[in-house]
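These are my notebook entries on what I looked up in this structure. I kept them short and went topic by topic.

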Amino acid sequence: MVNSPVALPSVRALLAQPGLGLRWVPDAALPAGALERTAPWVHSSDLPDPTPFLVDGVVLLTTGTQFEHAPDDAWLGYVARLVAAGVAALGFGTEVIREGIPEALVSACSECGLPLFEVPFQTPFIAVARANAETVTALAFARRSWALGAQRAIAAAALQSGGFAPTVQELSRQMQAWVGLFDVAGSLAHESLPRGTRPTDLEALEARARALLARQSRAASVIHLDGQAYTLQTVGRGNALRGVLAVAVEGLDHEAQGVMNSVVAMVGLASEQDAALVSSRLSLRSGLLRLLLAGEDELAQAVAGELDGLPHEPVVVARGRSLTTGAEAVAAWISSLPERTSRSLFLARDGEDVVLVAQREAVEEGLEELRRRFGGSWGVSLVGDYAGLPEIGAQALAALERGAGELTRFSDVVKLDLIHSVADEHARTAARAVLRPLLAHDERHGTELLPTLACWLRHDGRNEETARELGVHRHTIRARLKTAEHVGGYALETFPVRAELWAALRLAGLDTAGPGAGD
């Protein structure tokens, strides 16, 4: 992949200038690419050591007057000094002092790897310098014209629909190179490849993009991967970076850098506008979350229906903390997903935490990608519905604060919370979760499974005493216990299950049974 043409002629182009009659001396062995070096200046000097007055890349012209009476070995030191000073090529004017080029000079240039060419007597040195300067001017004009055309084309692409993709594609076409746009989390969001192959190590590019974003200040960087250079530049204001733009080019000249800067500015402006919209939507979603957590699910769903709606039940709540970026970045990523996926994930902010309400079918994949992109610690609830969102929301918080790793599921901490601190709110949340199947069954069917279980455990699992207290037949007690086992998935014949259920009843304040209805 290459950038558009450079605005400087090469040594080879100078030698090919028509009308000058310059002749390269092929007897001088040259390193690879020596004739492709740029030649921004042509200068003439007959000083024995002109290097204090030269700049890197200059093509030097001489008549050899300085060595008219010097021994042949003087040429070797002279050429070595020129090479050390960065001279790109040496032109020797013949028939002025000498006929032809001295063999000692040819040998010295061959030994030092310096291109040597002949300037015939009829070609003035000033003509060589003027021809090179005119070429430099013409190339610079063409380069500026290219830059203006490229910026117009990119501006037109930015007005198209499709987000940033058309802009990235047009920049790639103008640069004739791979272009990638990384989002605020450092993940590749858009890319365009006019020809060749895409980067072989995107993970390394993403890692460099994340490192630039972590500085929270505008910056640029160059990274080399498998022999290809990539220039990276941050997008957005310092302390409010929105992404990183990468181009498979090294050493952008002034015009190419200007084109890249214009893209960075346009993407940055559009990102700021998108960020403001994402922030507003996030604030609204956070208000809806507060309604859901307060048990106002009908009102929340009515309001959400006027927007994007809520994920379909059943749902799972995940709460994240200490993410690598703010909630706005997470919300922006979710909004960039395909509609079907984004509608299954509802993200809001609760204080310093982010809260994700996800369809049961989408939660695993969504959480895995969230953790990969944004890191942090996460707590995950059991499955529930919107009517029970206050409960499963509390479960996610309990799992997050009880967890010791990157991801903690509420089901993993239930038993621990039940056995420990009865005064702990998380333990009471765990207790209600254990008993919820029986509570829901009693509310739905008008049964008394939970009071019966509480009474039975209080009487050490004796059916006769339980039946006597509740005023029902012992067969009724047996039937209710079997139903409770089926509904709750309990194995009541085992002591650990009985102990856990009794702890749950105590923590939930349901360990006393009211009068039962006779059968």
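**Nonpolar cores.** I looked up the largest nonpolar core of this predicted model. The core has 40 residues, and Leu171, Met175, Trp178, Leu205 and Leu245 touch the most other members. I then listed the elements that each supply at least two residues of this core: the helices are α4 (125-158), α5 (165-175), α6 (202-214) and α7 (254-293), and the strands are β6 (179-182), β8 (220-225), β9 (228-237) and β10 (240-247). I noted a second, separate core of 24 residues, with Val434, Leu453, Cys455 and Ala504 among them.

For Leu245 I looked up the contacts, leaving out residues up to four places away in sequence. Leu245 touches Leu171, Val179, Gly180, Leu181, Thr231, Leu232, Gln233, Val235, Met260, Val263 and Val264.

**Helices α15 and α18.** I turned next to helix α15 (residues 449-458) and helix α18 (residues 495-508), whose axes come within 10 Å and cross at roughly 115°. That angle makes α15 roughly perpendicular to α18. I recorded the crossing of α15 past α18 as left-handed. On the α15 side I found Leu450, Leu453, Ala454, Trp456, Leu457 and Arg458, which meet Arg498, Leu501, Trp502 and Leu505 of α18. By class, I entered eight nonpolar, no polar and two charged residues for the contact of α15 with α18. Leu453 of this contact is also in the second core.

**Helices α12 and α14.** For helix α12 (residues 389-402) and helix α14 (residues 425-445), I read axes that come within 9 Å and cross at roughly 130°. The two helices, α12 and α14, are therefore oblique to each other. I recorded a left-handed crossing of α12 past α14. From α12 the contact takes Glu391, Ala394, Gln395, Leu397, Ala398, Glu401 and Arg402, and from α14 it takes His426, Thr429, Arg432, Ala433 and Arg436. I entered four nonpolar, three polar and five charged residues for the contact of α12 with α14.

**The loop between α8 and β11.** I found Pro311 in the loop between α8 (297-305) and β11 (315-321). Is Pro311 buried or exposed? Pro311 has a relative accessible area of 3%, so I entered it as buried. Leaving out residues up to four places away in sequence, I listed Arg343, Ser344, Leu345, Phe346, Val357, Ala358, Gln359 and Tyr386 as touching Pro311. Pro314 also has its place in the loop between α8 and β11. I noted that the peptide bond from Glu313 to Pro314 is cis, with omega near -5°.

**Positive phi.** As background, I wrote down that most residues other than glycine have a negative phi, and most peptide bonds are trans. Glu95, not a glycine, has a positive phi of about 65°. I placed Glu95 in the loop between β4 (89-93) and α3 (103-112), and at 43% relative accessibility Glu95 counts as partly exposed. Gln176 has a positive phi too, near 55°. I placed Gln176 in the loop between α5 and β6 and entered it as partly exposed, with a relative accessible area of 27%.

**Arg215.** My last entry is on Arg215, in the loop between α6 and β8. Arg215 has a relative accessible area of 53%, so I entered it as exposed. From Arg215 to Arg372 I noted 157 residues in sequence and 20 Å in space, C-alpha to C-alpha.

Conventions: Residues numbered from 1 in each chain as written. Predicted model: local features only at pLDDT ≥ 70, side-chain atom pairs only at ≥ 80, totals over all residues. Heavy atoms only, no water. Axes fitted to C-alpha atoms, helices over the stretch in contact; angles between N-to-C directions. Helix = DSSP H or I, 4+ residues; strand = E, 2+ residues; numbered from the N terminus. Parallel < 35°, antiparallel > 145°, perpendicular 65-115°, else oblique. Left-handed = near helix turned anticlockwise from the far one by under 90°. Contact = heavy atoms within 4.5 Å. Nonpolar A, V, L, I, M, F, W, Y, C, P; charged D, E, K, R; others polar. Core = buried A, V, L, I, M, F, W, Y, C linked by side-chain atoms within 4.5 Å. Buried < 20%, exposed > 50% of the residue type's maximum accessible area, 1.4 Å probe, protein only.
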